[in-house]
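Trainee: Before I use any of these descriptive terms in my notes, could we go through how each one is justified?

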Amino acid sequence: MDFRRTMRPTELIREPIDPSFLLRAVAFFFVAFGILLGASAAHALTPEQVLAMAAGDSDARSQAIAQTAASGDPAAQAFFQALLDDAVRVAGDKVYVVRDDKVSEAASGAAATLPEGAEEVINSNRLRRELDSAMASLKLLSADPAERRQAVRELRDGADESKLPLIEKALSTETDVALKGDMGLLRAAVLVSSSDKARRLEAAKLLAESRTPATKALLVERLKPGVEPEADVRAQLVSALLGVESQLAWGERLGVIFTGVSLGSILLLVALGLAITYGLMGVINMAHGELMMIGAYATYVVQNLFKAHMPDAFGWYMVAAIPASFFAAALVGAALERSVIRWLYGRPLETLLATWGISLVLMQGVRSLFGAQNVQVENPAWLSGGVDVLSNLTLPYNRLAIIAFAVLVLVGVSLLIARTRLGLFVRGVTQNRKMAACVGVNTARVDTYAFALGSGIAGLAGCALSQVGNVGPDLGQGYIVDSFMVVVLGGVGQLAGTVYAAMGLGILNKLLEGWQGAVLAKIMVLVFIVIFIQKRPQGIFAMKGRSAEA
């Protein structure tokens, strides 16, 4: 049926309006308005709150900050940040926020004019710590899990009972299982200092499940004489401390093993080149450390070129630095072999003295070119930071990258020596130079290639070292003795022995450092090597074939 034909507009106007309907509509309007107004007010600070946090003595302000943080009001976070940024002013009973020459009322956020004589709010170090803690507690209610996780980490060291309501509120709404467990431990850390004995006992039982150094420090503090009066609570705290220490001990052990493997991978990179020049060619190259230094400075030069000409691609400068460091050191090594070392084969003492003099020349040349001070080589963004394996164990990305790089270089060198024509010639010349020359091998050229290869690997070691240590003219001096020890201990000319010796010395050195310190650890490692070589002069792996009979 056509509505327009059955009822005219004038007839609609003449229809009577039900008074009860009108009253219900008006009531609904005012209720909705009140709800909206109340919701707005629930998320805004009152003038009294901001005045209490900005003016008065430190104790009163600290209490007001704690109360506001405990309320969970999200509007408080902006005001806390303004206090930390020294952007708050007080004039009488009014509080203002001044940012970028714009003034607003702290409570309402409305634009305002700053009165003359308004005083800047000064925050003591104690209040700044309170504000940091208050902001962290508010982040517990954030929608971002990363912010909540960061808040738990920040509150571990400074949470008190005033934060308990907010922690419990966040705990009741948390959906992430791992984060919920962390919040439960945070709650226990707060309750362990409660005035209620039952709560302290409950907290001590919960803290036994924690695996963080902060929990250990908290338990040690609670076990100091006179802090915990109840014997049964103290017994539970002792039990919790033993549990935490046993968990942390695994992280410490794994950390020592990782640092040992990391040091071993560096020694492996350093010694691989020497295993070729000394192990296969019989040249005692005292300039090996300076070839590493050249690789490190080549990395520095590539970094600066990327900074100057390709800043947008700076994060990938290592991709260009690796071949640059290899070829820079390889070219220097080839020049040394052609000009000096080729005349000294079969005379190890003369090669030692000659290469030692060359090392001094190279160091002075670098000092003249780059200066005597260390230069800065930055880690790319993808090599910064680390992987958090345990609460007290973080594996740095740059160390992990060096371990992986050492494995790749080792595999490459092994394949080169065992599967390529150059490797065949090197092994042939090493075993019987005269016979190799008789069958047409250009022994002089093979010597140059082999020495350049060993020097290039030293340059790769310098490139890797630039990511974990200082780059300076004396870079190679700290590794030359260790690299010779690795080659001799592993067995002259044995790549497998070099791997075992490097990893073994790296882990042994770190284990002894934790026991006796760095200096005594070095001495003990040296004594061990001397005794080992006396009992087994050929090293871990003995050389086989004609080279062993020579």
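Mentor: In this predicted model, Trp382 has a relative accessible area of 42%.

Trainee: Why is Trp382 called partly exposed?

Mentor: Exposed requires over 50% and buried requires under 20%, so Trp382, with its 42%, falls in between and counts as partly exposed. Trp316, by contrast, has 56% relative accessibility and therefore counts as exposed.

Trainee: What makes the aromatic pair of Trp316 and Trp382 stacked?

Mentor: Their ring centres are 5.9 Å apart, which is within the 6.5 Å limit for a pair, and the 25 degrees between the planes is under the 30 degrees cut-off, so the pair counts as stacked. Trp316 lies in the loop between helix 14 and helix 15, while Trp382 lies in the loop between helix 16 and strand 5, so the pair ties together parts that are 66 residues apart in sequence.

Trainee: How do you know that Thr355, in helix 16, is buried?

Mentor: Its relative accessibility is 2%, and because buried means under 20%, Thr355 qualifies. The side chain of Thr355 also reaches the backbone oxygen of Ile284 at 3.1 Å, and a polar atom of that side chain lies 2.9 Å from the backbone nitrogen of Met286.

Trainee: Why are helix 4 and helix 5 described as oblique to each other?

Mentor: They pack at an angle of about 135 degrees, with their axes 7 Å apart; this angle lies outside the 65 to 115 range for roughly perpendicular and is not over 145, as roughly antiparallel would require, so the helices are oblique. The contact involves residues including Met53 of helix 4 and Ile65 of helix 5.

How values were computed:
Residues numbered from 1 in each chain as written. Predicted model: local features only at pLDDT ≥ 70, side-chain atom pairs only at ≥ 80, totals over all residues. Heavy atoms only, no water. Axes fitted to C-alpha atoms, helices over the stretch in contact; angles between N-to-C directions. Helix = DSSP H or I, 4+ residues; strand = E, 2+ residues; numbered from the N terminus. Parallel < 35°, antiparallel > 145°, perpendicular 65-115°, else oblique. Contact = heavy atoms within 4.5 Å. Buried < 20%, exposed > 50% of the residue type's maximum accessible area, 1.4 Å probe, protein only. Polar contact = N/O pair within 3.5 Å; in protein donor to acceptor, adjacent residues only side chain to side chain. Phe/Tyr/Trp six-rings, centres within 6.5 Å; stacked < 30°, edge-to-face > 60°.
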